[in-house]
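Colleague: I am new to this structure and would like a close look at one part of it. Please take me through that part slowly once we have it in front of us.

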Amino acid sequence: MFKNHLKIAWRSLKKQPFFTFLNILGLSIGMAGGLLVSLYIYEELSFDTMFADADRIHRINVDVKFGGTESEMAEASAPMAETMVTDFPQVELATRFNTVGSTLIRKEGTQKNTRETHTTFVDQSFFKMFGLDVLEGNMASALTEPNTLVLTETAAKKHFGNNSALGKTVILNNTGTFTVTGIIPDLPKNSFLRDYSIFMSMAGLEDAQEADWTSNNYYTFIKLIPKANILDLQQPLQDMVGKYVIPFAQRYFPGITLEQFEAAGNRLHYYTIALTDIHLNSDLSDEMSANSSLQNIYILGLVGLFLVLLASVNFMNLSTAHSLKRGKEVGIRKTLGSTRSKLLQQFLTESGLITFISLVFALVLTLVALPLFNILAGRAIEIPFSKPLFWIVLLGTTVVLGIASGSYPAFFMSRFIPSKVLKGMGNMKTGGGNIRNVLVIFQFTISVFLIVSTIVVYHQLEFIQNKDLGYSKGQVLIIENAFAAGDDAHVIKEEIRQLGQVANVTLTGFLPTPSIRSNTSFFIDGSTEQEDAINMQVWTVDMDYLPTMGLQLVAGRDFNKAFTADSTGVIVNEAAVKILGKTPKEALGMRLSNDLGQENPSFSKIIGVIKDFHYETLRKDIGAVSLSIGDSRGSMAVKLNTAEYATSLASIEQIWNKLAPGQPFSYRFMDDAFNTTYQAEQKLGQIFMVFTSLSIIIACLGLFGLAAFNAEKRTKEIGVRKVLGASVSQITYKLTIDFLKLVAIAILISLPIGWYAMNQWLQDFSYRISIGWEVFAMAALLAVTIAIITVSYQSIKAAIVNPVRSLRTE
Amino acid sequence: MLLQLKNIFKWVNSGGQRIFLLKDINLDVEEGEFISIMGPSGSGKSTLLNVIGMLDGFNEGEYQFLDESVHHLKEKYRSNLYKEYIGFVFQSYHLLDDLTVRENLEMPLLYKKFKAAERKAMVADMLDRFQIVGKKDLFPAQLSGGQQQLVGVARALISNPKLILADEPTGNLNSQQSEEIMQLFKKLNEQDGVTIIQVTHSEKNAAYGSRIINLLDGRKV
Ligand SMILES: Nc1ncnc2c1ncn2[C@@H]1O[C@H](COP(=O)(O)OP(=O)(O)OP(=O)(O)O)[C@@H](O)[C@H]1O
Ligand SMILES: [Mg+2]
């Protein structure tokens, strides 16, 4: 019986190629979209779960409020790790990371450096903590000695080719000599270590051995013994503040107690986050790798669901519309004795067949789209063909989808009463029409909602891009790793300044783009009262910083070579002045100190106040910053006075190569650096864009099909109207307006929803756009235009047919 | 002279061959004539009627309608011409199922930009004249075949055409119903001076007309 159903189903699909094509195209696009989103979400949820005992690993976070500023960090103090292992029986193991960011590396005996973007110091317990093994070398001894390091397989290949890297010596940043003592496999793409390629022994880092409880510079991971409960650890963890941190702080604040510390409105709070929660639930400013957010997962999940729903709705719509044509078939079958359940089976077989054919196409589409999607999403997702679970879920979903979308048309059609349908189509003209209209409204509601969302995301991104940041990021070239030139960095700076296209140059590691920076506490004019403390970032800059960055003074003056005392002067931003409770004018001349507890405390005088500038992402408020003169060579920023980058770049590179031979010349434009900060949003924007387009395509396919059936159904009417004098444009209008009414209703429904949802999304940004009516006007216009284009093709086609022909078909 | 066909040829190409639908048709129609076109099935009667009604084109020859050369006219002008002067009656009535009798009658007026009040008056007048006032709010499916055709004729007449083209107007009706329609045509022709060209298979119906044209294989005989 089933075989017979299948045979008939196949024939019936072949008989209506247009209908079958639309249906399969819509379904396979929707299914492919749904599949992509599912794979992506699965990947995101799987982050860091591959490590052995991942469920027992946690990271220590620190939440600190001191001297007017608050910060939440993923890093703890150096002695924390070992103290936890000794003090707490539940803690089996602890591992610290101290990341150093990008590093220049070369083999001993060569001159040419290459750059590795993610480098870190790590404790020897690293291997045991994450259940890693070495491919080459000895795990037990690797990373025990100072000046040893471990490379990932890819990094080893990159620097040593086919020769074994083990035992070889490399030079890092032209200064440190390290021996390679192990090669480990590449770290999984869906782990927080995915980008790290060089792991240096923590044994060589002096700072790491000191018991400094107040600087938080170490990512600290602990592993619990089996069955231990992490909640039981929270109180003992917090108690460490009174037990270790306060006694240590007494060297700066003699006699201070925990009570005094807290009474002054300060706070130091230690807590843990599970390793597997980090990727989706943690968004601190100093994460080891860029994380994603649960919110994005929800958003994408919703979008994926929408796509599948849209496709399914399409299917129902096209099938019921099409049923008008099949009414006669049902009538004849019924008069010949077919029962309703047989007809149901027949129709369900047909929809099942369509769904499965679509599944095949969806898989092909996904395979083709996946590499592009991976680039877009920054992942290495694969279709898990070899996993039985994948197939079970996939086939299960397909069956459900087939039944869900097939059952309504099947019930609808099998209900036809033969005497009526055989008399002609007249009585069935509205067959399923109302439900079809509702479904079209539903589809367009989703599409318009997605359009609104896309527009808002893009507007916000554009807003960020064009926002007055308080400094000028245009035409600024940044030479990275300027320190590689050693003392010659200053010579290079002066030579570049001589170039005609160069307006100014500054040498500093502190650029107004987001990066990990620490706060320092200052006391004001000799007071050791904690209320008078201010927590500020200290940026070491040179005399040319303000003009190069385009920072604006609101009071006082810029650094000046003529004043020798400027080496101890500082320029602060308005945010700092506000914390001090002064006006910019009043703040001038105030003296700040960060080493009051020590023997010869030093003071710096405020000589200028600059306008606040956005050095962090626009998600965050602006904190206190002070600039002081020093020798920081992290990078060199060159302000060009021309947009002709190419020639300037060539001249600058020439100078670099002359004075820093063998050192890689690596540069970026500040614009781009700024843009990478918003990559997450940009990706979200692009992903939105892709899925919005897909949903619109699906909705349009449906509308196209419906318009075709509608035009066909009304052939006779159109003919009569034309004979009675209707013009082509009148007919086209009449056929189109019916659909536009539906689209209009959809727009009315989706706009408030879109407004609400996108306002929620915008709450994440401290600086954001307000959603104006233009957004809705644009979305509405777009939806209407797309609908008109889709429908009018069919309408015009129907309207220009010679009525003689359409009236003959009777 | 209302219209004049001179050496009209119409053909279609099928499989590299020319199939002639109309061959060398010459026809003069004076205002006020009542003409019946007869001939076996497939002889080209409907085709000829459609050419006269400007619903269909032709390949060769000349067609003058009220001294306008139809073959030279632009599509838009041509459609204005027939909108204004020609009314159609069909064998299968071709009323719109979704519209009531009143709305069906009103439809041609909508396309001729009459004002609402005018339309109302004209529709009321027609309902009255055809004595179907009581049926004005019914749908076509609720009428008998004869009543439907009555509405069809009323609809063709509502904008006062000079010429009515009827393709087997009584083909679906019984003899009594068809008699009524023929009487109506005759009255329109004689009292209102409406020119009528009808296609018919029935000698009896043809006799109502003043002239009979016989077609065979697309040629006048
Ligand atoms: N577009 C066309 N392509 C091919 N052949 C056509 C076309 N239109 C009409 N014909 C043919 O032209 C001939 C005349 O058709 P027409 O409809 O005018 O006949 P008729 O005299 O009205 O017949 P009936 O009495 O059955 O209505 C028929 O043989 C028909 O098959
Ligand atoms: Mg005919």
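Colleague: What distance separates the centres of domain 1 of chain A and domain 2 of chain A, taken over C-alpha atoms? After that, please stay with chain A and look closely at helix 22 and helix 23.

Modeller: Please keep in mind that this is a predicted model. The centres of domain 1 and domain 2 of chain A, taken over C-alpha atoms, are separated by 52 Å. In the division of chain A, domain 1 is made up of 2-43 + 294-460 + 679-807, while domain 2 covers 68-228 and domain 3 covers 476-677.

Turning to the pair of helices, helix 22 of chain A spans residues 715-723 and helix 23 of chain A spans residues 728-762, and the two pack at an angle of about 145 degrees with their axes 10 Å apart. The crossing of helix 22 of chain A past helix 23 of chain A is right-handed. On the side of helix 22 of chain A, the residues that take part are A:Glu717, A:Ile718, A:Arg721 and A:Lys722, and these meet A:Val728, A:Ile731, A:Lys734 and A:Leu735 in helix 23 of chain A. Sorted by class, this contact between helix 22 and helix 23 of chain A holds four nonpolar and four charged residues, with no polar ones.

For a view beyond chain A, chain B has an open sheet of four strands in the order 2-1-4-5, with antiparallel pairing. Within that sheet, strand 1 (residues 3-14) of chain B is joined to strand 4 (residues 60-65) of chain B by five bridges, and B:Leu3 has B:Phe65 in strand 4 of chain B as its bridge partner.

How values were computed
Residues numbered from 1 in each chain as written. Chains lettered and ligands numbered in written order. Predicted model: local features only at pLDDT ≥ 70, side-chain atom pairs only at ≥ 80, totals over all residues. Heavy atoms only, no water. Axes fitted to C-alpha atoms, helices over the stretch in contact; angles between N-to-C directions. Left-handed = near helix turned anticlockwise from the far one by under 90°. Contact = heavy atoms within 4.5 Å. Nonpolar A, V, L, I, M, F, W, Y, C, P; charged D, E, K, R; others polar. Pairing = 2+ DSSP bridges. Domains from an automatic or database assignment.
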